[in-house]
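User: Got a minute to look at a ligand site with me? I'll drop the structure in here.

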Amino acid sequence: MFANYNSPLQQLSDYDALRLWVKRDDLIDPYISGNKWRKLKYLIQKAIRLNKLHLVTFGGAYSNHLVATAAAAARSGFRATAFVRGEPVDNEMLLLCKLYGMKLIFTNREEYKNKAALFQSFFKDDPEAFFIDEGGASAEAVKGCAEILDELPPDIDHLFCAAGTGTTAAGLLKGIKQRKLKTQLHVVPVLRGGDFIANEIYHYTQDVEQLHLHTDYHFGGYAKTQPELLNFMKAFIAREGILIDPVYTAKMFYAIYDLAGKNYFHKEEKIVALHTGGLLGIFGKKEKLEEIL
Ligand SMILES: *Cc1c(COP(=O)(O)O)cnc(C)c1O
């Protein structure tokens with residue numbers, strides 16, 4: 001399941017004379033999507049090595065990570081349980097999790113904060129249980145994301161990604177450093193106050209000279225949105241024929257075009273945007289999208 005899959009690199013239309021390519025990790029798998037596939041790859045291998053049979057993880061009710069873990073568990077012969085933050089709810093993503101056989105334990109926000117304690121209290125006597133942090137954050141995830149650089153040309157000037165926890169960004173930066181590339185990494189945090197991402201990245205790689213954080217494209221915060229972002233997303237999808245999601249990738253692409261409009265890039269520079277997938281996030285914003293369509 002985690003055999004090498006070299007996702008395509010696709011050039012976008014020459015809008016604003018921008019030399020922009022998209023690394024289509026969204027095409028790796030519809031449900032083990034984009035960076036979640038990269039992040040789970042070595043975690044699942046570790047679980048297999050340790051003879052674990054039960055993946056236990058954490059996420060919000062609209063978490064791409066939960067769907068990805070549920071699908072990966074089913075396909076690799078694991079059981080799966082997720083602690084889901086907040087009151088019990090139903091939605092498209094949790095429906096998929098349940099179809100893949102994942103057990104959901106809704107957990108109030110206070111208890112959810114201490115993930116190690118939750119894991120202990122439910123699974124301390126289960127030697128088959130394997131802890132996977134929220135979003136898959138781990139050194140294994142960083143290693144999986146660093147491999148993306150092996151699938152990209154070495155002469156990229158600017159590489160962009162969206163960030164939630166910053167684990168994917170840490171992997172990309174590590175991959176750039178390990179390969180001694182000149183590529184600058186641009187990270188677009190989707191949360192308000194995204195400067196914390198720098199600390200998260202620093203945790204995994206200390207050489208941050210080639211790192212650029214663009215913290216002004218959160219549109220109000222995580223899972224928050226604004227008509228301007230949704231209208232951008234609609235125009236992008238119709239123009240390029242590539243779906244993007246409102247939580248992560250729309251904010252990243254918005255940032256790229258906004259920066260281009262401010263002459264941030266030089267004309268000949270090669271820009272690559274990492275499409276981290278997560279398209280089910282569209283369903284989390286369906287009412288807001290209906291309003292602008
Ligand atoms: C989870 C997710 C991210 C965030 O990845 P981090 O490693 O947590 O920063 C980005 N894009 C998409 C589509 C995601 O689902």
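Analyst: Sure, let's go through the ligand and its surroundings.

Analyst: Before that, this is a predicted model, where local features need pLDDT of at least 70 and side-chain atom pairs count only at pLDDT 80 or more, while totals for chains, interfaces and linings use all residues. Residues are numbered from 1 along each chain as its sequence is written, and side-chain values use heavy atoms, with hydrogens and water left out.

User: Okay, how many residues surround the ligand?

Analyst: There are 15, counting a residue if one of its heavy atoms lies within 4 Å of the ligand. The closest are Lys 36, Lys 39, Thr 165, Thr 168 and Thr 276.

User: What does the side chain of Thr 276 pair with?

Analyst: An N or O atom there is 2.7 Å from a ligand nitrogen; a polar contact is a pair of N or O atoms within 3.5 Å.

User: And which ligand atom type do Thr 165 and Thr 168 go for?

Analyst: Oxygen: a ligand oxygen is 2.6 Å from a side-chain N or O atom of Thr 165, and a ligand oxygen is 2.6 Å from one of Thr 168.

User: Switching topic, where does the ligand lie relative to the domains?

Analyst: Between domain 1 (9–30 + 145–292) and domain 2 (36–136), because both give residues to its shell. Those bounds come from an automatic or database domain assignment.

Methods. Polar contact = N/O pair within 3.5 Å; in protein donor to acceptor, adjacent residues only side chain to side chain.
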